Amino acid sequence: MKYILMMNCPKSGYDTFGAWPKKDIQAHIAFMRDLDKALRKSGELVSAEGLASPNEAKRVRAGKDGAPITDGVFPESKEFLAGYWIVDVESPERAYEIAARASAAPAPGGSPMNMPIEVRQVMSGPPEEFL
């Protein structure tokens with residue numbers, strides 16, 4: 001079963017993360033890289049990516065002629081998707097274990113951040129009743 005584990009960050013988090021001491025940023029990144037390495041070794045990692053700052057985000061929709069219309073940046077948003085993992089695991093409980101591990105990434109001084117990680121199953125397709 002595939003799950004997406006989404007790491008959301010409050011708007012203020014993007015500003016404060018860049019202001020952390022360099023050694024704390026390096027420790028945080030090393031933790032995330034080690035997590036990815038362990039998941040790759042266990043065969044559970046499908047994909048993992050960190051996302052650029054929301055200051056670079058655009059919302060895109062098709063105009064009447066099909067041409068893209070962009071909008072953004074969205075200062076009214078409280079949280080932004082900061083990154084994600086897609087894992088292929090045997091049970092939802094295993095996905096929750098991985099999410100809890102990611103949640104414990106270190107903050108300045110090494111204490112765990114305990115950030116919320118949203119876990120959702122990746123569907124293989126639409127329900128049969130709609131096909």
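How far apart should the ends of helix 3 (residues 92-103) lie at 1.5 Å a residue, and how far apart are its end C-alpha atoms? The twelve residues should span 16 Å, and the end C-alpha atoms of the helix are 16 Å apart, which agrees. The legends below describe a predicted model.

**Figure 1. Overall view of the predicted model.** The protein contains three helices and six strands. Read from the N terminus, its elements follow the order β-α-α-β-β-β-β-α-β. The C-alpha trace spans about 50 × 40 × 20 Å along its principal axes. Of the 131 residues, 29% count as buried. The accessible surface comes to about 8900 Å², and carbon and sulfur atoms account for 54% of it. Among contacts in the protein with a separation of 6 or more, 73% join residues 24 or more positions apart. There are 16 positive and 18 negative side chains, and the centres of these two sets lie 6 Å apart.

**Figure 2. Close-up of helix 3 and its buried side.** The buried residues of this helix are A95, I98, A99, A102 and S103. They cover an arc of only 145 degrees around the axis, which puts them on the same side of helix 3. An α-helix has 3.6 residues a turn, so residues three or four places apart point the same way. The cover over the buried residues of helix 3 includes strand 1 (2-10), helix 2 (22-42), strand 5 (79-88) and strand 6 (117-121).

**Figure 3. Close-up of helix 2 and its two sides.** Helix 2 has 21 residues and reaches 30 Å from its first C-alpha to its last, close to the 30 Å expected at 1.5 Å a residue. The buried residues of helix 2 are D24, I25, H28, M32, L35, D36 and L39. Seen down the helix axis, these residues fall within an arc of 115 degrees, so they line one face of helix 2. On the other side of the helix, K22, K23, R33, K37, R40 and K41 are exposed. The buried residues pack against strand 1, helix 1 (11-17), strand 2 (45-50), strand 5 and helix 3. Helix 2 is followed by G43, whose phi is positive, near 80 degrees.

**Figure 4. Close-up of L39 in helix 2.** L39 counts as buried because its relative accessibility is 2%, where buried means under 20%. Leaving aside neighbours within four places in sequence, L39 is in contact with E44, L45, W85, V87, R94 and I98. One of these residues, V87, is 48 residues from L39 in sequence. The C-alpha atoms of L39 and V87 are 8.1 Å apart in space. Another contact residue of L39, I98, is among the buried residues of helix 3.

**Figure 5. Close-up of I117 in strand 6.** I117 has a relative accessible area of 15% and is therefore buried, the limit being under 20%. Residues up to four places away in sequence not counted, I117 touches L5, M6, M7, W85, A99, A102 and S103. Of these contact residues, A99, A102 and S103 are among the buried residues of helix 3. I117 and I98 are 19 residues apart in sequence, and 9.6 Å separates their C-alpha atoms in space.

**Figure 6. Close-up of N114 in the loop between helix 3 and strand 6.** The phi of N114 is near 50 degrees, a positive value in a residue other than glycine. N114 has a relative accessible area of 55% and is exposed, because the class begins over 50%.

**Figure 7. Close-up of D88 in strand 5.** D88 has a relative accessible area of 34% and is partly exposed, because this value lies between the limits of 20% and 50%. Residues up to four places away in sequence not counted, D88 touches M1, K2, G43, E44 and V46. Among these contact residues, G43 is the residue with positive phi that follows helix 2. E44 is in contact with D88 and also with L39 of helix 2. D88 and M6 are 82 residues apart in sequence and 14 Å apart in space, C-alpha to C-alpha.

Terms used: Residues numbered from 1 in each chain as written. Predicted model: local features only at pLDDT ≥ 70, side-chain atom pairs only at ≥ 80, totals over all residues. Heavy atoms only, no water. Helix = DSSP H or I, 4+ residues; strand = E, 2+ residues; numbered from the N terminus. Expected span 1.5 Å × (residues − 1). Buried < 20%, exposed > 50% of the residue type's maximum accessible area, 1.4 Å probe, protein only. Arc of directions from axis to C-beta. Contact = heavy atoms within 4.5 Å. Areas by Shrake-Rupley, 256 points an atom, 1.4 Å probe, with all protein chains shown as cover. Lys, Arg positive; Asp, Glu negative; His and termini not counted. Charge placed at Lys NZ, Arg CZ, Asp CG, Glu CD.
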